[in-house]
Amino acid sequence: MKFLHTMIRVKNLDASLHFYCELLGLKEVRRYDNEKGRFSLIFLAAPNDFETAQKTQAPTIELTYNWDPEDYQGGRNFGHLAFLVDNIYESCKTLQDGGVTINRPPRDGHMAFVRSPDNISIELLQRGDALPPQEPWLSLANCGEW
């Protein structure tokens with residue numbers, strides 16, 4: 001068995017690509033636009049998985065954008081996506097500077113949670129050992145759901 005992809009339906013493609021690519025750092029592997037079905041599929045990979053994803057089409061996240069408006073519910077019941085990051089503090093700072101709320105700050109130097117524009121929970125985990133606790137993260141409280 002091999003993991004291929006996780007599909008997430010998105011309401012605003014531009015906002016989602018900004019979040020996943022510009023702020024989180026994923027890269028677009030491929031895109032498929034279907035005019036008859038009125039949808040687009042955009043496959044993204046983490047930078048360390050990008051070369052493999054180009055060759056094997058996995059592991060990726062598939063953003064599904066339906067051209068006709070729909071209201072999607074239940075971001076919380078999806079669970080979450082998890083990404084290993086080189087520096088959790090720098091990753092959270094980049095997201096925060098981009099207007100993203102850090103719902104569960106990395107007080108422990110190991111784990112944080114944020115939400116995508118479509119309310120999907122994203123877990124960030126520090127690669128290797130936890131970083132030493134530091135401000136401002138140490139003093140920030142949880143907010144919202146994560």
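Is Gln 57 buried, partly exposed or exposed? In this predicted model, Gln 57 counts as partly exposed, because its relative accessibility is 28% and the partly exposed class lies between the limits of under 20% for buried and over 50% for exposed. The residue is found in the loop between helix 2 and strand 4, and its backbone has a positive phi of about 65° although Gln 57 is not a glycine. The same loop, between helix 2 (50–56) and strand 4, also holds Pro 59, and the peptide bond that leads from Ala 58 into Pro 59 is cis, with omega near -5°. Most residues other than glycine have a negative phi, and most peptide bonds are trans.

A further cis peptide bond joins Glu 135 and Pro 136, with omega about 5°, and Pro 136 lies in the segment after strand 8. A positive phi is also found at Arg 38, a residue other than glycine, where the value is near 60°. Arg 38 is placed in the loop between strand 2 and strand 3.

The chain is divided into domain 1, which covers residues 3–64, and domain 2, which covers residues 79–130. The C-alpha centres of domain 1 and domain 2 lie 19 Å apart, and the contact between them takes 15 residues from domain 1 and 15 residues from domain 2.

Within domain 2 (79–130), attention falls on Glu 123, which UniProt lists under "active site" in an unreviewed entry. Glu 123 lies in strand 8, made up of residues 121–126, and it is classed as buried because its relative accessible area is 9%, a value that falls under the 20% limit. When its neighbours within four places in sequence are left aside, Glu 123 is in contact with two groups of residues, namely His 80, Leu 81, Ala 82 and Phe 83, together with Met 111, Ala 112 and Phe 113. With one of these residues, His 80, the side chain of Glu 123 forms a polar contact of 2.8 Å.

The pairing of strands gives a setting for these contacts. Strand 5 and strand 8 run parallel and are joined by six bridges, and the bridge partner of Ala 82 in strand 8 is Glu 123. The side chains along strand 5 alternate, such that Leu 81, Phe 83 and Val 85 point to one face and are buried, whereas His 80, Ala 82 and Leu 84 point to the other face and are not buried. His 80, the polar partner of the Glu 123 side chain, therefore belongs to the face of strand 5 whose side chains are not classed as buried, that is, not under 20% relative accessible area.

Seven salt bridges are held in the structure. Side chains of opposite charge can pair when their charged atoms come close. Among these salt bridges, one is formed by the side chains of Asp 86 and Arg 127, with an N to O distance of 2.7 Å. This pair links distant parts of the chain, 41 residues apart, with Asp 86 in the loop between strand 5 (80–85) and helix 4 (88–97) and Arg 127 in the segment after strand 8. Asp 86 is exposed because its relative accessible area is 57%, whereas Arg 127, with a relative accessible area of 35%, is partly exposed.

Another salt bridge brings together the side chains of Arg 38 and Asp 68, at 2.8 Å from N to O. This pair too links distant parts of the chain, 30 residues apart, since Arg 38 sits in the loop between strand 2 (27–34) and strand 3 (39–45) and Asp 68 in the loop between strand 4 (60–66) and helix 3 (75–78). Arg 38 counts as partly exposed at 38% relative accessibility, and Asp 68 is likewise partly exposed at 38%. Arg 38 thus appears in two of the features described here, as a residue with a positive phi and as a member of a salt bridge.

The side chains of Glu 28 and Arg 31 also meet in a salt bridge, with an N to O distance of 2.9 Å. Glu 28 is partly exposed, with a relative accessible area of 33%, and Arg 31 counts as partly exposed at 40% relative accessibility.

Conventions. Residues numbered from 1 in each chain as written. Predicted model: local features only at pLDDT ≥ 70, side-chain atom pairs only at ≥ 80, totals over all residues. Heavy atoms only, no water. UniProt positions renumbered as here; feature names shortened; annotations may be inferred. Helix = DSSP H or I, 4+ residues; strand = E, 2+ residues; numbered from the N terminus. Buried < 20%, exposed > 50% of the residue type's maximum accessible area, 1.4 Å probe, protein only. Contact = heavy atoms within 4.5 Å. Polar contact = N/O pair within 3.5 Å; in protein donor to acceptor, adjacent residues only side chain to side chain. Salt bridge = Lys/Arg side-chain N within 4 Å of Asp/Glu carboxyl O. Pairing = 2+ DSSP bridges. Domains from an automatic or database assignment.
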